[in-house]
Amino acid sequence: GGSLRLHDTHLYGPLFEAADNFEGLILLTRGDGKQATLGVHQSVLASGRRGVRLSGTGVRAKFVQSLLVAGTDALDLEPGEKALQLETSCVLDGVTVAAGRASVRIGPVPSQGASEEPLVIQTKNCAFLQPFASKGASIPTLASQLPPQGAHAARPLKRTAAVTGAS
């Protein structure tokens with residue numbers, strides 16, 4: 001547990017050829033009952049693999065006026081299948097997210113009705129892009145076309161989650 005704050009930071013992981021044991025730039029997990037928080041402000045985070053993983057319950061992240069680029073999943077939320085209170089939230093304000101696979105990936109969560117609190121992802125003035133030619137493509141390879149308008153509109157999730165805000 002604990003906190004990580006990044007302001008005016010450029011954090012780059014391997015962009016092209018990462019070691020097999022490199023999974024992503026940041027892993028934030030709750031420990032010993034303490035809430036874990038991540039604050040990213042006016043920063044650039046770039047990785048050829050995963051960008052940020054929030055693991056467990058009691059994990060909160062806020063990104064403001066930043067850029068998050070990932071070759072696979074940009075934000076990976078893993079609250080856990082046995083959590084009764086997810087206490088997990090992610091707020092993005094004025095953030096551009098570019099991902100090779102998913103802008104936001106939600107891992108296993110409790111089955112319907114088991115969770116007492118939703119997983120919250122809130123966005124404001126954000127752009128979610130998928131600029132890479134194929135899944136897991138290298139960061140500098142741009143696709144020749146953007147997805148059709150509305151392709152990234154919010155859709156109801158099949159898991160216990162709540163998505164609010166506008167992109």
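Here are four short exercises on a predicted model, each with a worked solution.

Residues are numbered from 1 along each chain as its sequence is written. Local features need pLDDT of at least 70, and side-chain atom pairs count only at pLDDT 80 or more, while totals for chains, interfaces and linings use all residues; side-chain values use heavy atoms, without hydrogens and water.

**Exercise 1. The chain as a whole**

Find how many helices and strands the chain has, and what percentage of its residues count as buried.

Solution.
- Start with the DSSP runs: helices are H or I runs of at least four residues, strands are E runs of at least two, and both are numbered from the N terminus.
- The chain has 0 helices and 15 strands.
- Next, take burial: buried means under 20% relative accessible area, exposed over 50%, partly exposed in between (1.4 Å probe, protein chains only).
- Of the 167 residues, 43% count as buried.

**Exercise 2. An open sheet**

Give the strand order of the open sheet of 5 strands, then say which strands stand at its edges.

Solution.
- Two strands pair if DSSP finds at least two bridges between them.
- The order is β2-β5-β8-β11-β14, and the pairing is parallel.
- β2 (10-12) and β14 (127-129) each have a single partner strand, so one side of each lacks a neighbour in the sheet. These two are the edges.
- Look inside the sheet: β5 (residues 44-47) pairs with β8 (residues 67-70) in the parallel sense over 4 bridges.
- Ala46 has Val69 of β8 as its bridge partner.

**Exercise 3. Two cysteines**

Explain why Cys126 and Cys90 are not bonded, and decide whether each is buried or exposed.

Solution.
- A disulfide is a pair of cysteine sulfur atoms within 2.5 Å.
- A search of the whole structure finds 0 disulfides.
- For Cys90, the nearest cysteine sulfur is that of Cys126, 9.3 Å away.
- That distance is too far for a bond, so Cys126 is not bonded to Cys90.
- Cys90 has 1% relative accessibility and counts as buried.
- Cys126, at 9%, also counts as buried.

**Exercise 4. A residue in a loop**

Locate Thr72, classify its burial and list its contacts beyond four places in sequence.

Solution.
- Thr72 lies in the loop between β8 and β9 (75-78).
- Its relative accessible area is 16%, so Thr72 is buried.
- Contact means heavy atoms within 4.5 Å.
- Leaving aside neighbours within four places in sequence, Thr72 touches Gly48, Arg49, Arg50, Ala99, Gly100, Arg101 and Ala102.
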